[in-house]
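The report below takes up one chain together with its ligand, and moves from a single residue outward to sheets, helices and the ligand shell. The reader may wish to keep the sequence and the coordinates at hand while following the text.

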Amino acid sequence: MFSTDDSIVAIATPPGRGGIGVVRVSGSSALEIARRLLECRTPLEPRRATYTRARGLASSATAPCGDVLDEVVATYFPAPHSYTGEHVVEISAHGSPVVLEAIVQRAITAGARLARPGEFTLRAFLNGKRDLVQAEAVGDLIAAATPLQARVAFDQLEGTLTARIAAIDAQLFDLIARLEASLDFSDEGYHFVEPAEAARAAACVAGRVSELLCDGRRGRMIREGATVVVAGRTNVGKSSLFNVLAGNERAIVTDVAGTTRDLVTERIDFDGLALTIVDTAGWRETRDVVEREGVERAVRAQEVADLLLLVLDRSEPLTRDDERLLASTNDRARIVVVNKSDCAAATGFSWPNDDGVLVSARTGAGIAALRQAIQRALTGSEALRDTAAISNTRHIALLEEARTRLTSAQRAAETGHTPEEFVLADLQAARECFDEVVGARTPDDLLEHIFSTFCIGK
Ligand SMILES: Nc1nc2c(ncn2[C@@H]2O[C@H](COP(=O)(O)OP(=O)(O)OP(=O)(O)O)[C@@H](O)[C@H]2O)c(=O)[nH]1
Ligand SMILES: [Mg+2]
């Protein structure tokens, strides 16, 4: 299990050089450790930045305090009003890896242990400073690649998801309490909830979980991003389209069929979504070994895509290669992009207008509509203004499990003759899923709730 008896130390700022770097010490002896490595004459005052100097290891008997490492600013956050809920000392030094490493080493000889990854946040969770959802949000916020990702993570850190789950859980808790009471006092003929009412209440809770899950797909896209692969036969304008979407001239464009030979990848902030777009070699039968390898890579890229942009060239009749690609990607998430709208449609080119987006990579016509179509295909809506509170696969899986259990409880209650124990078992399981999302287990407060709500014993 996790030990929180000892004090931990680590560099809190990213590796590399910078204006400042921060070493964080957390634990019951944080203040004592700081005292031994800092030159302060008086103890650090709570929540006040103190300008002082840090000293390294004693190198000899003549230099018992060690050499001065750096000028630093130290701040002491007494428990429980700190990030971890323990005593914390933060030492800001100049952002030199050598200096920061030396401060960490000094802290270790003074009694600290090197922190494991995420251990400060783990302690914050164990000390009740954050629930699991919020602890996970810290990681998401740090990893965010787009401002929207950061905002969703911050919402979660603020407790938006926790609050939504708590509201649903309260409703479920109430239902469980009434069923428990009916069970406990069945002999006396107490009936706190009729089966039909229990079924309705379970359905209502399941509906609220569904609403939360609806945001889930969108939220996951925001959190994890998506891969969009541009595919099509040679010379239809894949690389041109790729460059327009990427906003730069990354891929080579020529009128030679078979220009692109390898995968070209670009990561972009696509209206808030972190997208990886991939340009591929045009599909055609070829004897050229280099091009053939390129085509194989294109096929593999298509297989891992979250979304395919299948590009057609309307200035030429559809070819066998086009037909083959259209057929082989029919069951995939794809958008058919009809390119070269600035040219007249060739006789022999036929593609229904309502299946696809007409664009010109050359003039930019139709690109805005294509961007909207991509957004819609990936997230189910055109704009990401409403941030989703749920974005984490673990949360989604647990909420799906909760919904299954709630629906099962609803069906059992609807029959009118399923024993309450069975209905309760499903409801309890759903509640455990909620608890698991936020990392809380509250088994004993059930009775308390019954007494407070029903005034039994009166
Ligand atoms: N008129 C017109 N020409 C275009 C358009 N898009 C691309 N082209 C031209 O079509 C030719 C092929 O464009 P690319 O973007 O290289 O096509 P590709 O599909 O990547 O080709 P490969 O890499 O060989 O498979 C170039 O001459 C482009 O300038 C468009 O919207 N209108
Ligand atoms: Mg190309």
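Which residues does Val337 touch, not counting residues up to four places away in sequence? In this predicted model, Val337 touches Leu241, Leu309, Leu310, Val311, Gly356, Val357, Val359 and Leu370, with residues up to four places away in sequence left out of the count. Val337 is also among the residues with the most contacts inside the largest nonpolar core, a set of 114 residues in which Val23, Val25, Ala34, Ile103 and Ala202 are named alongside it.

**The chain as a whole**

The chain contains 14 helices and 12 strands, and 41% of its 458 residues count as buried. Of the contacts in the chain with a separation of 6 or more, 66% are accounted for by residues 24 or more positions apart.

**Two open sheets**

One open sheet of six strands runs in the order E8-E9-E7-E10-E11-E12, with mixed pairing. Strand E8 (264-270) and strand E12 (357-358) stand at its edges, and because each has a single partner strand, one side of each is left without a neighbour in the sheet. Strand E11 (residues 334-339) is joined to E12 by two bridges, and these two strands run parallel. Val337 stands opposite Val357 in E12, and Val357 is also one of the residues that Val337 touches.

The other open sheet described here likewise has six strands and mixed pairing, in the order E3-E4-E5-E2-E1-E6. Its edges are strand E3 (50-55) and strand E6 (113-114), each with a single partner strand, so one side of each is left without a neighbour in the sheet. Strand E1 (residues 8-11) pairs with E6 in the parallel sense over two bridges, whereas E1 and strand E2 (residues 18-26) pair in the antiparallel sense over four bridges. Ile8 takes part on both sides: its bridge partner in E6 is Arg113, and in E2 it stands opposite Ser26. E1 and E2 form a hairpin with six residues between them, and Gly16 in the turn has a positive phi of about 110°. E2 pairs in turn with strand E5 (residues 88-95), in the antiparallel sense and over eight bridges, and the bridge partner of Arg24 in E5 is Glu90.

**Helix H5**

Helix H5 (residues 147-157) has Leu148, Gln149, Val152, Ala153 and Gln156 as its buried residues. These residues lie on the same side of H5, because they cover an arc of only 135° around the axis. H5 is followed by Gly159, whose phi is positive, near 100°.

**Three residues and their distant partners**

Three residues can be set side by side, each with a partner elsewhere in the sequence.

| Residue | Partner | Separation in sequence | C-alpha to C-alpha distance |
|---|---|---|---|
| Gln105 | Gly56 | 49 residues | 8.2 Å |
| Arg233 | Ala257 | 24 residues | 9.0 Å |
| Glu400 | Leu213 | 187 residues | 7.5 Å |

Gln105 lies in helix H2 (residues 97-109), and it counts as partly exposed because it has 17 C-beta neighbours inside 10 Å. Glu400 has its place in helix H12 (residues 393-414), and with 15 C-beta neighbours inside 10 Å, Glu400 also counts as partly exposed.

Is Arg233 buried or exposed? Arg233 has 23 C-beta neighbours inside 10 Å and therefore counts as buried, the threshold for that class being 20 or more. Arg233 lies in the loop between strand E7 (226-231) and H8. Leaving aside neighbours within four places in sequence, Arg233 is in contact with Gly282, Trp283, Arg284, Thr319, Asp321, Asp322 and Leu325.

**The shell around ligand 1**

Ligand 1 is surrounded by 23 residues, of which Gly237, Ser239, Ser240, Thr260 and Gly282 are the closest. Gly282 is also one of the contacts of Arg233. Helix H8 (residues 238-246) gives the most to this shell, contributing three residues. By residue class, the shell around ligand 1 divides into five nonpolar, 13 polar and five charged residues.

Definitions and conventions: Residues are numbered from 1 along each chain as its sequence is written. Chains are lettered from A and ligands numbered from 1 in the order in which they are written. This is a predicted model: local features need pLDDT of at least 70, side-chain atom pairs count only at pLDDT 80 or more; totals for chains, interfaces and linings use all residues. A nonpolar core is a set of buried Ala, Val, Leu, Ile, Met, Phe, Trp, Tyr and Cys residues joined through C-beta atoms within 7 Å. A residue is buried if 20 or more other C-beta atoms lie within 10 Å of its own, exposed if 12 or fewer, and partly exposed in between; C-beta atoms are placed from the backbone. Two residues are in contact if their C-beta atoms, placed from the backbone, lie within 7 Å. The arc is that of the directions from the helix axis to the C-beta atoms. Two strands pair if DSSP finds at least two bridges between them. A residue is near a molecule or strand if its C-beta atom, placed from the backbone, lies within 6 Å of it. Ala, Val, Leu, Ile, Met, Phe, Trp, Tyr, Cys and Pro count as nonpolar, Asp, Glu, Lys and Arg as charged, and the others, Gly among them, as polar.
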